[in-house]
Amino acid sequence: MNPGRGAERDYLCVDQYIADAVGARALSTAFEIGFIDDLVRHTSRSLPALAETARLDRRGAMLLADLLGAARVLDFVGDLVQLTPDFRRALQFRDLMEAKLDFAATVAPDFFDLFTTLLTDPPAFFRQAKLFDLFSYDRCIDSTPENRASTVRWMRFTTSLTKYESAACLLNHDFSVYRRMLDVGGNSGEFALRVCREHPGLRATVYDLPVVCEIGEKHVAEEPEAGRISFERAAPGNGRLPENHDLITFKSMLHDWPDEQMRSFLQRAYDALLPGGSLIIFERSVVDTGERQLAYGQIPIALFFRSYRVPGDYTTALRQAGFTQIACTKIDLDMPFMLVTATK
Ligand SMILES: C[S@@+](CC[C@H](N)C(=O)[O-])C[C@H]1O[C@@H](n2cnc3c(N)ncnc32)[C@H](O)[C@@H]1O
């Protein structure tokens, strides 16, 4: 196990502000009505001044400030209110914090209303849950305004998670030896972007569904690495993966698929990979809360609990596909991750 106690884990500080539902809800409102922005602009503020900017009455502002105080977002200093130093530091990951708040609020009803169904009748949960409606890959094939809008919505969550999770992967594997990377299910290109930024000699192909690629192309377009990242629309069915790559990556991708399709993806990756090339799987491992209560902000991930695998599930499938030199590193982030590497 790599204990991973370095800067690559700094982003995890946002989780303490999404740990309980009441504090998280108060924080969402505080972002929404400009309460936090006001406190960012001023070192400290009186409650009446905050109330005026956010257009709250005195009692509303008091309740919100009390909830945020209990959540350690702000402190009371005499008659004034100010952000805690820890929260100010956490704001450097504001995009992630707001995406996680939104993601948790979107799918929390699945947990609160349907937890019994989740445990007792998984197919009914699949039909009823907002989670699977949100991540609807059916809407990623035809580029219509409605499909683009619904796809942009969930890609915001995957992209912001990947932006910060990538650092641990980069730290634990030497990518400098590769020239051409294929990221299967590479989404907005965020993972490819992070790897290309660290490794100027690398070019990347992002392989994903058509609407996802369209949005991804815009996502990376303004980045200095854009010229080294191309997008390839995934063909329906089990066709060949793009060839001529010496690295194929699957980041948080394979858990989406039942065992048979997971094995098919790995076999297709083996067939497409250049001889001597590498394959990397970077994924959450099984959900294990240990003796701790599951945090509110972890609900979206926990709802996928049946999908996550142990490393052995992937190492066995890799061996069956023909890979050798299979190795696994465990990396502790918001949940245990595994970094599985293999060679063709
Ligand atoms: C759970 S997301 C993971 C995205 C990204 N790799 C990440 O770490 O956030 C799974 C990705 O697989 C893509 N996908 C779904 N079906 C696919 C297919 N047949 N071929 C390639 N990608 C596919 C989805 O559009 C989505 O971007």
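Q: Which residues are the closest of those that surround the ligand?
A: A residue counts as near a molecule if one of its heavy atoms lies within 4 Å of it. In this predicted model, 16 residues surround the ligand. The closest of these are Thr162, Gly185, Asn187, Asp208 and Lys251.

Q: How many nonpolar, polar and charged residues does the shell around the ligand have, and which element gives the largest share of the shell?
A: Sorted by class, the shell around the ligand holds 8 nonpolar, 5 polar and 3 charged residues. The largest share, 3 residues, is supplied by one element, and that element is H9.

Q: What share of the area that the ligand exposes when taken alone does the protein bury?
A: Polar atoms of the protein lie beside the ligand at several points: a side-chain N or O atom of Thr162 is 2.9 Å from a ligand oxygen, and a polar side-chain atom of Asp208 is 2.6 Å from an oxygen atom of the ligand. At Lys251 a backbone N or O atom lies 2.7 Å from a nitrogen atom of the ligand. Taken alone, the ligand exposes 590 Å², and the share of this that the protein buries is 93%.

Q: Which three residues supply 67% of the area that domain 1 buries against domain 2?
A: The domain assignment divides the protein chain into domain 1 (13-92) and domain 2 (135-343), and their centres, taken over C-alpha atoms, are 36 Å apart. To the contact, domain 1 brings 7 residues and domain 2 brings 5 residues. About 340 Å² is buried between the two domains, with 64% of it given by carbon and sulfur atoms. On the side of domain 1, the three residues that supply 67% of the area buried against domain 2, more than any other three, are Ile18, Ala19 and Ala21.

Definitions and conventions: Residues are numbered from 1 along each chain as its sequence is written. This is a predicted model: local features need pLDDT of at least 70, side-chain atom pairs count only at pLDDT 80 or more; totals for chains, interfaces and linings use all residues. Side-chain values use heavy atoms; hydrogens and water are left out. A polar contact is a pair of N or O atoms within 3.5 Å; within protein, one must be able to donate a hydrogen and the other to accept it, and residues adjacent in sequence count only if both atoms are side-chain atoms. Accessible areas come from the Shrake-Rupley method with a 1.4 Å probe; for residues, only the protein chains shown count as cover. Helices (H or I, at least four residues) and strands (E, at least two) are DSSP runs, numbered from the N terminus. Ala, Val, Leu, Ile, Met, Phe, Trp, Tyr, Cys and Pro count as nonpolar, Asp, Glu, Lys and Arg as charged, and the others, Gly among them, as polar. Domain bounds come from an automatic or database domain assignment. Contact means heavy atoms within 4.5 Å. Buried area is the accessible area (1.4 Å probe) that two parts lose on being put together, summed over both.
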